[in-house]
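Q: Could you take me through one part of this structure up close? I'd like the details with the cut-offs spelled out.

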Amino acid sequence: MTRGDYAVLALCALTLPALFMRYGLPGSTGTQARITTGNAIYAQVPLSRAHIYRVPGALGISEIEVRDGRIRFNSSPCQGQQCVHSGWAKRGGEFIACVPNRVSISVLGQGAGGDYYDSINF
Amino acid sequence: MLTIPTTRTDYRIAWLAALAISIHIMESALPSPLPGIKPGLANVVTIVVLCRFGWATAAWVSGLRVLAGSLLLGTFLSPAFALSLSGAFCALLVLAPAAWLARIAPHWAPGPIGLSVLAAWAHMAGQFWVAYALFIPHEGLFHLLPILLTVSLVFGVVSGAVADVVIKHLEAASV
């Protein structure tokens, strides 16, 4: 190892933490979620504040709970209850939908493109 | 009949390029945990050649490896080829001043390990830029950059250490 080697390694050791701080890890935890009813955005809510949102949909009220940086459908007037069974979502790009009630939640990643998934097919 | 006169250097480049291409192709058969991540063992050859025969020979060997390697793997002019070429180009671009520094100030210049890490990072940066500019112009790509550079730092050190051992053996053999 020469002095030049150490210089190169020191440069890398300084650059990497800066890059990690700037860009983070892929699929960072979401900080906000967007609740959509029909084709319109109903609300954009922070995941930092625990709260229960009562969102009116096509069939009735969907109860959406935010707690510990996560979000879920607490109850839903729909028959299948798939939205409730989907459980918690917290990562950027995660998505839960109640199709019958036309209410959906999508977790927004940190910054542009901080999503956990590239794309989702159903 | 037209014959092209060949020099000793031509033969040397051909042999070394053949070696680099063989490693390149063997490596492409290895499974990779993540697409785009591979050890880059062919770069051991580039570093060894750079240290023993200079930048120009290294550039020839590296360029021929990218070209012939892509022809043999069937990726010529495909996105993989564009990434490979841009990576090799940037690595050589960075190695040029480093090799020049080694000539004027040998005590301050990076040795095989430093050169290998420099080349690995330049390679990754060049590839990344082309991937972003040409193929995936999505800012989410940048979240991969720290991880990719960490991996290439590790592989750069490993390749450099291997090159160091090879160079020491070559020196011992030629004295």
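What follows is a close look at one strand and its neighbours, then a short stop at a helix in the other chain.

A: Sure, let's take strand S4 of chain A, residues 61-67. First the ground rules: this is a predicted model, where local features need pLDDT of at least 70, side-chain atom pairs count only at pLDDT 80 or more, and totals for chains, interfaces and linings use all residues. Residues are numbered from 1 along each chain as its sequence is written, while chains are lettered from A and ligands numbered from 1 in the order in which they are written.

Chain A has two helices and seven strands (DSSP runs, numbered from the N terminus: H or I with at least four residues for helices, E with at least two for strands). In sequence order the pattern is α-β-β-β-β-β-α-β-β.

The side chains of S4(A) alternate. Ser62(A), Ile64(A) and Val66(A) point to one face and are buried (20 or more other C-beta atoms within 10 Å of a residue's own; 12 or fewer is exposed, in between is partly exposed, and C-beta atoms are placed from the backbone). Ile61(A), Glu63(A), Glu65(A) and Arg67(A) point to the other face and are not buried. For the chain as a whole, 27% of the 122 residues count as buried.

Now the neighbours. S4(A) pairs with strand S3 of chain A (residues 51-56) in the antiparallel sense, over six bridges (pairing takes at least two DSSP bridges between the strands). Pro56(A) stands opposite Ile61(A), and the two strands make a hairpin with four residues between them. S4(A) is also joined by five bridges to strand S5 of chain A (residues 70-75), again running antiparallel. There, the buried Val66(A) has Ile71(A) as its bridge partner. S4(A) and S5(A) form a hairpin too, with two residues in between, and Asp68(A) in that turn has a positive phi of about 55°.

For the other chain, look at helix H3 of chain B (residues 55-73), where that chain's confidence is highest, at a mean of 93 (pLDDT, the predictor's per-residue confidence, goes from 0 to 100). Buried residues in H3(B) include Ala58(B), Val61(B), Arg65(B) and Gly69(B). Down the axis of H3(B), its buried residues fall within an arc of 170°, so they line one face (the arc is that of the directions from the helix axis to the C-beta atoms). Just after H3(B), Gly74(B) takes a positive phi of about 80°. As for the complex, the predictor gives an ipTM of 0.80 and a pTM of 0.68.
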